[in-house]
Amino acid sequence: LRSNAELTIICGQYIKLGDPCNVARNATIRDTSGHIIAVPGYKMSRPVEIGNHTWICTESTIMPGVKIGDGAIVGACSYVAKNVPSFTLVQGFPAVEVGNPKYFRI
């Protein structure tokens, strides 16, 4: 993990970070909401997996249950609630695919 200032990781059970996983300022990665909801089927924690050679940009949030593939980039101020395929650039609130970087060099 290579991180800048103010990274927040909220881990109730399992978060896997690739090598390297680059994270910019004020990002949040969480595998739980931290709230108990008494609804049948609700899961308190869902694993988060972030692949190798990834880049999570400034003020982005990675939500529970998300898998981010190798070489993916999450643009600034993005809210990621769905899986991100390898070598994909996502951005927005909610994050959507906006490009396909072929090679990401650190």
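Is threonine 88 buried or exposed, and what is its relative accessible area? Threonine 88 is buried, because its relative accessible area of 2% falls under the 20% limit for that label. Keep in mind that this is a predicted model. The views below start with the whole chain and then come back to this threonine.

**View 1. The whole protein is built from strands, with 0 helices and 13 strands in its secondary structure.** Read from the N terminus, the elements go β-β-β-β-β-β-β-β-β-β-β-β-β. The protein has 106 residues, and 37% of them are buried. Take the contacts between residues with a separation of 6 or more: 26% of these link residues 24 or more positions apart.

**View 2. Threonine 88 sits in the loop between β11 and β12.** Here β11 covers 79-80 and β12 covers 89-92. The side chain of threonine 88 reaches back to the backbone oxygen of serine 86, at 3.2 Å. That puts a polar contact at a residue with 2% relative accessible area.

**View 3. Serine 86 is found in the loop between β11 and β12.** Serine 86 counts as partly exposed because its relative accessibility is 39%, and that label covers values between 20% and 50%. Leaving out residues up to four places away in sequence, serine 86 touches Gly69 and Asp70. With aspartate 70 there is a polar contact to look for: the serine 86 side chain reaches the backbone nitrogen of aspartate 70 at 3.2 Å. Threonine 54 is worth finding too, as it lies 32 residues from serine 86 in sequence, with 9.0 Å between the two C-alpha atoms.

**View 4. β3, β6 and β9 make an open sheet of 3 strands, in the order β3-β6-β9.** The pairing in this sheet is parallel. Which strands stand at the edges? They are β3 (15-17) and β9 (67-68); each has a single partner strand, so one side of each has no neighbour in the sheet. Between β3 and β6 (residues 48-50), 3 bridges join the parallel strands. For a landmark, pick leucine 17, which stands opposite isoleucine 50 in β6.

**View 5. Another open sheet has 6 strands, ordered β1-β4-β7-β10-β12-β13, and its pairing is mixed.** The edge strands are β1 (2-3) and β13, and since each has a single partner strand, one side of each is left without a neighbour in the sheet. As a general point, strands of a sheet pair through backbone hydrogen bonds, either parallel or antiparallel. β12 and β13 pair in the antiparallel sense, over 4 bridges. One residue pair to find is leucine 89 with its bridge partner in β13, glycine 99.

**View 6. The largest pocket has a volume of about 150 Å³.** Its lining is made by Tyr79, Val80, Ala81, Lys82, Asn83, Val84, Pro85, Val90, Pro94, Ala95, Val96 and Glu97. β11 and β13 (95-99) are the elements that give two or more residues to that lining. Which element gives the largest share of the lining? β13 does, with 3 residues. Sorted by class, the lining of the largest pocket holds 9 nonpolar, 1 polar and 2 charged residues.

Definitions and conventions. Residues are numbered from 1 along each chain as its sequence is written. This is a predicted model: local features need pLDDT of at least 70, side-chain atom pairs count only at pLDDT 80 or more; totals for chains, interfaces and linings use all residues. Side-chain values use heavy atoms; hydrogens and water are left out. Buried means under 20% relative accessible area, exposed over 50%, partly exposed in between (1.4 Å probe, protein chains only). A polar contact is a pair of N or O atoms within 3.5 Å; within protein, one must be able to donate a hydrogen and the other to accept it, and residues adjacent in sequence count only if both atoms are side-chain atoms. Two strands pair if DSSP finds at least two bridges between them. Contact means heavy atoms within 4.5 Å. On a 1 Å grid over the protein atoms alone, a cavity is a set of points where a 1.4 Å probe fits but cannot get out, and a pocket is an open set with protein on both sides within 12 Å along at least five of seven lines; lining residues have an atom within 4 Å of a point. Grid points are joined across faces, edges and corners, and a volume is the space filled by probe spheres set on the points. Ala, Val, Leu, Ile, Met, Phe, Trp, Tyr, Cys and Pro count as nonpolar, Asp, Glu, Lys and Arg as charged, and the others, Gly among them, as polar.
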